[in-house]
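Please read the following walk through this structure with the sequence and the 3D view open side by side. The text moves from one part of the chain to another, and it may help to find each residue before reading on.

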Amino acid sequence: MTTEIRVLNGEDELIGAANLFRTAMIGFPPLSNLAPGQITTLLEPGRTIGAFVDGRLVGTADAVTSGLTLPGGAVVGHAAVTHIGVLPSFTRKGIATQLMQHQLRDIAARGEVVATLRASEATIYGRYGYGVASSSQTVEVQTARAALRADVGTGGPVRLIDTAEAWDLLPRIYDENRSSRPGTIDRPEVWWQGLRLRTESTPGASYVAVHGKPGSESGFARYRPIDTQRWFVSDQRTIVVEDFFAPTMETYIGLLRFLLGLDLIDRVTFWMLPVDDPLPWLLVDRRAVRVTAVHDETWLRIVDVQKALSARRYEGDGTVTIAVKDQLLPNNSATFGINGVGAEPAERRAELNVDIEGLAAVLLGGATWHSLAAGGLVRTDDQTALSVADRLFAVPNAPYAGFFF
Ligand SMILES: CC(C)(COP(=O)(O)OP(=O)(O)OC[C@H]1O[C@@H](n2cnc3c(N)ncnc32)[C@H](O)[C@@H]1OP(=O)(O)O)[C@@H](O)C(=O)NCCC(=O)NCCS
């Protein structure tokens with residue numbers, strides 16, 4: 001079986017790839033009601049690739065150009081990888097592997113430093129060098145018990161906006177108030193277009209609240225009611241907050257007060273919050289909050305190790321030497337000395353040996369070197385070096401992106 005991999009062009013090929021991905025996912029309906037030309041507003045030109053067997057499209061992968069924040073605030077070139085799918089009748093023949101390798105070489109050729117994705121299954125992407133670099137939690141709040149402590153601030157003004165207005169305003173709010181938290185990603189225009197399409201084709205109500213005075217908004221929450229069949233008489237009226245963008249504490253508190261204060265609502269479910277979210281500390285009764293799930297969020301692939309390691313900040317005054325091994329992108333296999341000032345290539349013997357997947361997991365500070373060592377992702381007999389590395393790679397805020405793509 002010979003497979004040809006190439007960039008897809010034109011509406012027919014792009015719609016074919018989008019529907020192939022949806023067929024592979026099984027639970028996603030086919031695209032319908034796209035206006036002529038609309039598919040090209042949902043995908044970045046030149047980044048959707050297809051795998052052909054005997055001239056038939058059987059697999060696809062896609063990426064969007066973005067930026068990702070490293071610890072210390074540097075934003076590096078980032079490929080947001082998505083829409084990976086192989087037709088069920090062509091799986092386990094190495095097609096995804098060829099697509100992923102082709103895409104990684106393309107990302108490297110573009111000079112992007114990292115790639116990230118969201119994984120449908122946790123066993124797929126480690127083999128391509130992706131590691132879990134951030135997690136998110138789903139949190140449920142019982143509003144009747146959710147009084148805020150007396151010293152919690154008031155936050156700023158919050159207003160509801162028309163959902164049609166949201167697609168102009170939210171991208172601006174997001175870009176102008178970009179968070180400095182590691183793991184933060186840009187949200188390119190094609191994603192806003194995709195979000196708009198999904199929101200408008202989902203039946204039922206949905207709302208957008210923004211924080212801040214008109215013209216100087218600083219955050220937003222997109223939310224909708226769920227299980228509305230018996231809404232009028234229900235005593236479990238629930239809203240899910242699908243998108244909670246609150247990069248400062250003032251914005252966070254303003255939006256939180258608004259959501260918890262909504263009439264009728266018994267339960268507010270935040271789909272995604274950072275794992276160090278402060279909510280329980282703001283409440284008189286911290287048991288009003290329940291974490292109902294913790295998910296792996298950012299699967300990160302370091303594409304240029306030297307640039308990634310030298311662009312992030314390190315804490316403390318120790319020094320450690322690590323040897324990195326990357327089977328797919330061998331240029332990344334090298335040894336680095338790391339201290340509080342930065343990271344540089346080194347010639348000396350390494351204390352820690354790590355594959356590219358393990359290094360991805362610690363790059364943003366979302367995992368510890370000790371945990372990786374326990375799982376065999378770091379090889380060492382030097383416990384002191386692990387402790388030094390953990391101090392150097394520590395971050396004040398847990399990494400988090402807050403967006404599913
Ligand atoms: C995931 C998917 C793209 C893999 O495609 P594929 O062409 O079958 O993958 P490959 O044949 O290149 O597999 C490479 C290796 O990964 C393994 N693998 C692939 N998919 C896997 C899965 N879902 N779970 C566990 N292992 C998997 C294969 O067994 C193979 O292992 P091996 O090298 O040890 O033999 C395909 O199964 C698919 O489309 N799934 C549904 C859609 C989906 O989940 N997409 C991902 C969205 S994030």
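In this predicted model, a polar side-chain atom of T123 lies 3.3 Å from a nitrogen atom of the ligand, and a polar side-chain atom of R127 lies 3.1 Å from an oxygen atom of the ligand. The ligand, taken alone, exposes 890 Å², and the protein buries 73% of that. Two or more residues of the shell around the ligand are given by each of the elements α1 (10–25), β4 (75–86) and α3 (95–109). A further polar approach involves the main chain of I84, where a backbone N or O atom lies 2.8 Å from a nitrogen atom of the ligand. Altogether 20 residues surround the ligand, and those that come nearest are R92, G94, T97, S120 and E121.

One of these nearest residues, R92, deserves a second look for its backbone. R92 lies in the loop between β4 and α3, and it has a positive phi of about 60° although it is not a glycine. R92 counts as exposed because its relative accessibility is 78%, where exposed means over 50% with the protein chains only taken into account. Another residue that is not a glycine but has a positive phi is D227, with a value of about 50°. D227 is placed in the loop between β10 and β11, and with a relative accessible area of 61% it is exposed.

The strands on either side of that loop lead to the charged pairs. The structure holds 21 salt bridges, and one of them joins R222 to E242, with the closest N and O atoms 3.5 Å apart. This pair links distant parts of the chain, since R222 belongs to strand β10 (residues 219–226) and E242 to strand β11 (residues 238–245), 20 residues apart. Both R222 and E242 are buried.

What, by comparison, is the accessibility of R313, and of its partner E315? R313 forms a salt bridge with E315, and the closest N and O atoms are 3.7 Å apart. R313 is partly exposed, with a relative accessible area of 47%, and E315 is partly exposed as well, with a relative accessible area of 30%. Elsewhere, salt bridges that share partners join R187, R222, R224, E242 and D243 into one network. A further salt bridge is formed by E4 with R6, where the closest N and O atoms are 3.9 Å apart. E4 is partly exposed, with a relative accessible area of 44%, and R6, at 28% relative accessibility, also counts as partly exposed.

R222 appears again among the contacts of helix α5. T199 is found in helix α5, and, when residues up to four places away in sequence are not counted, T199 touches W167, S206 and R222. At 19% relative accessibility T199 counts as buried, because buried means under 20%. Q193 is found in helix α5 too, which spans residues 189–201, but Q193 is partly exposed, with a relative accessible area of 27%. Leaving aside its neighbours within four places in sequence, Q193 is in contact with T41 and L42. As a guide to distances in the model, the C-alpha atoms of Q193 and G254 are separated by 27 Å, and these two residues are 61 residues apart along the chain.

Is D326, in the loop between β15 (319–325) and β16 (334–339), buried or exposed? D326 is buried, with a relative accessible area of 3%. A polar atom of the side chain of D326 lies 3.1 Å from the backbone nitrogen of L328. Apart from its neighbours within four places in sequence, D326 is in contact with R301, I302, N332, S333 and I356.

The last stop is on the surface. There V275, V291 and V294 form a nonpolar patch, with about 240 Å² of accessible area together. V294 lies in strand β13 (residues 289–296), and V294 is exposed, with a relative accessible area of 55%.

How values were computed
Residues numbered from 1 in each chain as written. Predicted model: local features only at pLDDT ≥ 70, side-chain atom pairs only at ≥ 80, totals over all residues. Heavy atoms only, no water. Salt bridge = Lys/Arg side-chain N within 4 Å of Asp/Glu carboxyl O. Buried < 20%, exposed > 50% of the residue type's maximum accessible area, 1.4 Å probe, protein only. Helix = DSSP H or I, 4+ residues; strand = E, 2+ residues; numbered from the N terminus. Patch = residues over 30% accessible without salt bridge, like charges linked within 9 Å, V, L, I, M, F, W, Y side chains within 5 Å. Areas by Shrake-Rupley, 256 points an atom, 1.4 Å probe, with all protein chains shown as cover. Polar contact = N/O pair within 3.5 Å; in protein donor to acceptor, adjacent residues only side chain to side chain. Contact = heavy atoms within 4.5 Å. Near = heavy atom within 4 Å.
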